[in-house]
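Me: Could you take a close look at the aromatic rings in the model below? I would like one connected account of how they are arranged.

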Amino acid sequence: MSTYDDAGTLYDTKDLTYYGTVYSYTTEAASAMSAFTNGADWPVNVYVNGRAISPYVSWDLGTFSWAESGGTEPGQAQATILDKNLALQTYITDEAYLRIQRAGIDTFRGFIRSRSPRATTTGATYALTCTDIGSILDQTIVVSNTRPAGEADSTRIKYFLSAYLKDAHFSSDVSQIRTLNSNMPAQSFSQLTLRQAIERVLGAASPSSKYYVDASGRLHTFDSGHPESNAAPYAIVVTPLPSAGQAAPMALQVDFDTNSLINLVYIRGKTAGGSGYFPTAGDSDFNQAVTSQNLYGIRQAYQDGPDSDTAAKAKALALAVFADNAFPVTRGQFSLVTPFDQRNGTYWHGGQTVTITSAMHGLTAQPFLVTKVTTTIINGQGNAKVDIEFGGLSLRLRAGGTTNTVGTSITGDIAS
């Protein structure tokens with residue numbers, strides 16, 4: 001049996017495999033393939049530079065997976081493309097924009113950062129590695145800027161996005177940027193990336209601040225007082241008989257890490273007034289550090305604050321240290337497979353909140369932030385395995401750094 005693709009090229013039907021499933025083109029399907037759509041034509045819809053390439057994506061020639069971030073680390077996607085007659089050469093190019101959807105919902109937006117073509121009998125395969133849209137924050141610079149006292153952190157961040165971010169693929173939807181502090185101090189920004197500038201703002205706004213860029217390219221900011229409200233599709237319960245709305249995890253791992261435990265810190269500031277020991281006696285803002293000392297003993301560290309020139313800045317920096325380090329860091333991971341990769345059309349995404357119940361880990365409906373979701377297509381029906389990572393550290397502001405690094409104490413200032 002023979003058929004035609006959307007360019008009119010005659011193919012053998014047996015070669016038109018997507019996730020191992022034979023697909024015969026119809027006029028309607030060919031039309032859908034010739035333009036950018038977000039419909040459910042395939043189990044997973046893939047587009048490169050606006051062209052739908054789903055029939056060319058293979059799950060059996062190589063890994064087809066993508067990661068959605070719920071933290072500061074950008075996610076990656078990996079895909080192998082079978083381009084039988086070199087029909088995609090003008091689309092699959094360096095820095096091409098790649099978009100992945102399931103059921104019409106974005107699960108990845110990013111750019112081709114590594115492209116490895118290999119010749120086949122009549123065409124080529126391309127092994128692609130892509131980095132998500134959040135990587136643009138590391139490739140945009142803020143040479144010099146000063147913001148006045150009195151504006152909200154959300155206003156300041158929206159200003160930076162509007163003034164510096166020039167990539168049209170990054171979402172203009174700023175509805176997920178919350179106000180954590182409505183009366184910010186003045187700040188100066190010099191020779192930073194846009195990510196570092198955003199982290200400076202958030203660090204001055206709240207000691208428990210966090211952020212991530214979702215799969216549709218929207219920046220989310222939040223903290224313990226202004227949490228995210230995106231619930232995971234299932235509660236995770238270690239049980240042989242999960243109830244409705246629950247899923248029993250595969251290979252649940254939980255780590256309780258005290259390598260970075262700090263409950264007494266000396267701030268080495270710019271001036272004597274911006275330096276000193278914390279917690280200070282009688283200050284209820286430091287109750288968590290005092291509780292930590294009573295539970296675990298005193299664990300001390302220095303913290304550099306090269307722009308800390310007031311007691312208020314030194315205190316803010318100490319609170320940020322304790323927010324990350326006063327108690328053991330709980331983090332872990334587990335896996336699920338279809339049908340537990342989604343529930344009622346809601347898939348797993350970074351930034352969701354998942355509750356975990358496991359008697360052996362001492363967890364009872366304990367909420368955790370989903371920091372990463374890696375989806376791997378495993379068969380011809382688009383079924384998937386999802387690897388979910390949760391917990392971990394809060395925002396880490398580092399001199400010249402940009403990421404959450406487990407076990408590394410905060411260095412650098414949070415308000416300059």
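Reply: What follows deals with the ring pairs, and then with charges placed over rings.

The model is predicted, so local features need pLDDT of at least 70 and side-chain atom pairs count only at pLDDT 80 or more, while totals for chains, interfaces and linings use all residues. Residues are numbered from 1 along each chain as its sequence is written, and side-chain values use heavy atoms, with hydrogens and water left out.

Searching the whole structure gives 14 aromatic pairs, where rings of Phe, Tyr and Trp (its six-membered ring) pair if their centres lie within 6.5 Å, and planes under 30 degrees apart count as stacked, over 60 as edge-to-face and the rest as tilted. Among them, phenylalanine 64 and tryptophan 66 form a tilted pair, because their ring centres are 5.3 Å apart and their planes stand at 55°. Both phenylalanine 64 and tryptophan 66 are buried (under 20% relative accessible area, with exposed over 50% and partly exposed in between, for a 1.4 Å probe and protein chains only).

Tyrosine 212 and phenylalanine 222, by contrast, make an edge-to-face pair, since their planes are at 80°, with centres 6.0 Å apart. Because tyrosine 212 lies in strand β15 (residues 210-213) and phenylalanine 222 in strand β16 (residues 219-222), this pair ties together parts that are ten residues apart in sequence; strands are DSSP runs (E, at least two residues), numbered from the N terminus. Tyrosine 212 is buried at a relative accessible area of 1%, and phenylalanine 222 counts as buried at 5%.

Elsewhere, Tyr159, Phe160, Tyr164 and Phe189 are linked into a cluster by ring pairs. Finally, the charged end of arginine 51 sits over the ring of tyrosine 91, 5.0 Å from its centre, a term that requires NZ of Lys or CZ of Arg within 6 Å of the ring centre and within 35 degrees of the ring normal.

Terms used: Helices (H or I, at least four residues) and strands (E, at least two) are DSSP runs, numbered from the N terminus.
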